[in-house]
Amino acid sequence: MTRRRLVGGALAAAATSAFSTAGAGYYFSGELLGVDHTQALVVRVLAVSGDEVTLSRDVDTAKPIALGLLWPDGGARLSASVRVDGDTVVRRVDERVAGELRPGLMVAVDYNVFGTDPKTAFGLDYATVPVSGELGDMPAWLVPPPGGGHRPGVWAIAVHGRGGSRHEALRVLPGVVGAGLTMLVIGYRNDPDAPASPDGFYHLGDTEWRELAAAIRYARDHGATGIVLFGWSMGGGIALTALRRLPVAEAALIRGLVLDSPVLSWNAVIDYQADLRRLPAPITWSAKRFTEWRGRINLGRLDQDPGELTVPALIFVDEADQRVRTDKAHAFASARPELVTLVATRDGGHVASWNVDPPAYTAAVAAFLDRIV
């Protein structure tokens, strides 16, 4: 074989490898930035008997924690009770919210558990109000404390995670309004009932924080003199980003943060997901670069620095989290022990610390609110 052919073959192989790496990076950037609100219906209902349902077994259905089930025309709440038998599990149904739970039905596991609204779930009065953002009105639930509450002027604003919904906040809602706070549960761009971003992408908090800023202004204009921010997953990152970028007068309203499985570094999240999938380093690097280019964002600027934290924070993590590695939260808490309280649970998963032990989670939030409000 001639030298020219050897060199040509090497260049062709290198070009093919580079193209494959770029293609994989482009694909994974789309997975991160893309908007998809469909539920993965991967669990099969095998039998229904009284208040028990038999399901196909997977990593979620076998967990002894409170769970929800969702399907296109219905939903149900499951208790933490579970019996595992080979490839099946038997679980107790606490409530059938809507639709028929029947054999053969394909369902999705939902950690949110409560998939309705404050009135249906808990009998709490609420209003759906428009929060005016730069892209238009973002719908939000406004939930006053029962009986007017005993902490006038103190509000909680809740921000859901990437691909999530306002239902994420329902798990903490009774405890928060029961503590006397008014709660505003917001949506943001690319939610099904909110305006889409101009490019149709998530921006990992780099633009979504502006909806939280609009919600803070709404709360201030309606009498809030102090605000506690709640955020799940990307919502936690949004809350921290807002705290850093808000005008001084509005940042001064923030009294504390309650963060559940917060994204503190998107670089770390991408590295973690790449490790789980055993992706080569060049593909991981390519995915980051395409994410920044397509989303017009700087991943490094979205890293949360504990040195910039200015208010107390309560952070929940679960050590079984397969989406966000917990070491960043532990390091964040260790760096600022005077401000950060970290609660770590086990065997739940991403944003599932409440599901592991609802009373303990609620008590931790109540104690934190008593301390800062």
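**View A. Strands β12 and β13 side by side.** In this predicted model, strand β12 (residues 254-260) and strand β13 (residues 313-318) run parallel and are joined by four bridges. Take Asp 260 as a landmark: its bridge partner in β13 is Phe 316. Helix α5 (residues 234-245) is part of the scene too, lying across β9 (154-159), β11 (226-232) and β12. Against β12, helix α5 runs at about 155°.

**View B. Strand β13 under cover.** Six of the six residues of β13 are buried, so the strand counts as mostly covered. Ala 313, Ile 315 and Val 317 point one way, while Leu 314, Phe 316 and Asp 318 point the other way. Both sets are buried, and that goes for Asp 318 as well as for its neighbours Val 317 and Phe 316. The pattern is the familiar one, because side chains in a regular strand alternate between the two faces of the sheet.

**View C. The β13-α9-β14 unit.** On its other flank, β13 pairs with β14 in the parallel sense, over six bridges. Look for Leu 314, whose bridge partner in β14 is Thr 341. Together with helix α9, the two strands make a right-handed β-α-β unit. Helix α9 covers residues 327-335 and lies across both β13 and β14. With respect to β14, helix α9 runs at about 150°.

**View D. The whole sheet, edge to edge.** Eight strands make up this open sheet, in the order β7-β8-β10-β9-β11-β12-β13-β14, and the pairing is mixed. At the edges stand β7 (127-133) and β14 (340-345); each has a single partner strand, so one side of each is left without a neighbour in the sheet. On average, neighbouring strands are turned by 20° against each other, direction ignored.

**View E. The β7-β8 hairpin.** Here the pairing is antiparallel: β7 and strand β8 (residues 136-143) are held by seven bridges. Two residues are what the hairpin uses to get from β7 to β8. Gly 133 has Gly 136 of β8 as its bridge partner.

**View F. A salt bridge from the hairpin loop to helix α4.** Glu 134 forms a salt bridge with Arg 210, and their closest N and O atoms are 2.9 Å apart. This pair links distant parts of the chain: Glu 134 sits in the loop between β7 and β8, Arg 210 in helix α4 (residues 209-221), and 76 residues separate them. Arg 210 counts as partly exposed, because its relative accessibility is 34%.

**View G. Arg 336 and Glu 338.** These two form a salt bridge as well, with the closest N and O atoms 2.6 Å apart. Their surroundings don't match: Arg 336 counts as buried at 16% relative accessibility, whereas Glu 338 is exposed at 52%. Back at the pair of View F, salt bridges that share partners join Glu 134, Arg 189, Arg 210 and Glu 211 into one network.

**View H. Asp 60 and Lys 63.** The side chains of Asp 60 and Lys 63 meet in a salt bridge, at 3.5 Å from N to O. Lys 63 has a relative accessibility of 12%, so Lys 63 counts as buried. Across the whole structure, a search finds 18 salt bridges.

Key. Residues are numbered from 1 along each chain as its sequence is written. This is a predicted model: local features need pLDDT of at least 70, side-chain atom pairs count only at pLDDT 80 or more; totals for chains, interfaces and linings use all residues. Side-chain values use heavy atoms; hydrogens and water are left out. Two strands pair if DSSP finds at least two bridges between them. Axes are lines fitted to C-alpha atoms, for helices over the stretch in contact, and angles run from 0 to 180 degrees between N-to-C directions. Contact means heavy atoms within 4.5 Å. Buried means under 20% relative accessible area, exposed over 50%, partly exposed in between (1.4 Å probe, protein chains only). A crossover is right-handed if, with the strands pointing away from the viewer, the path from the first strand over the helix to the second runs clockwise. A salt bridge is a side-chain nitrogen of Lys or Arg within 4 Å of a carboxyl oxygen of Asp or Glu.
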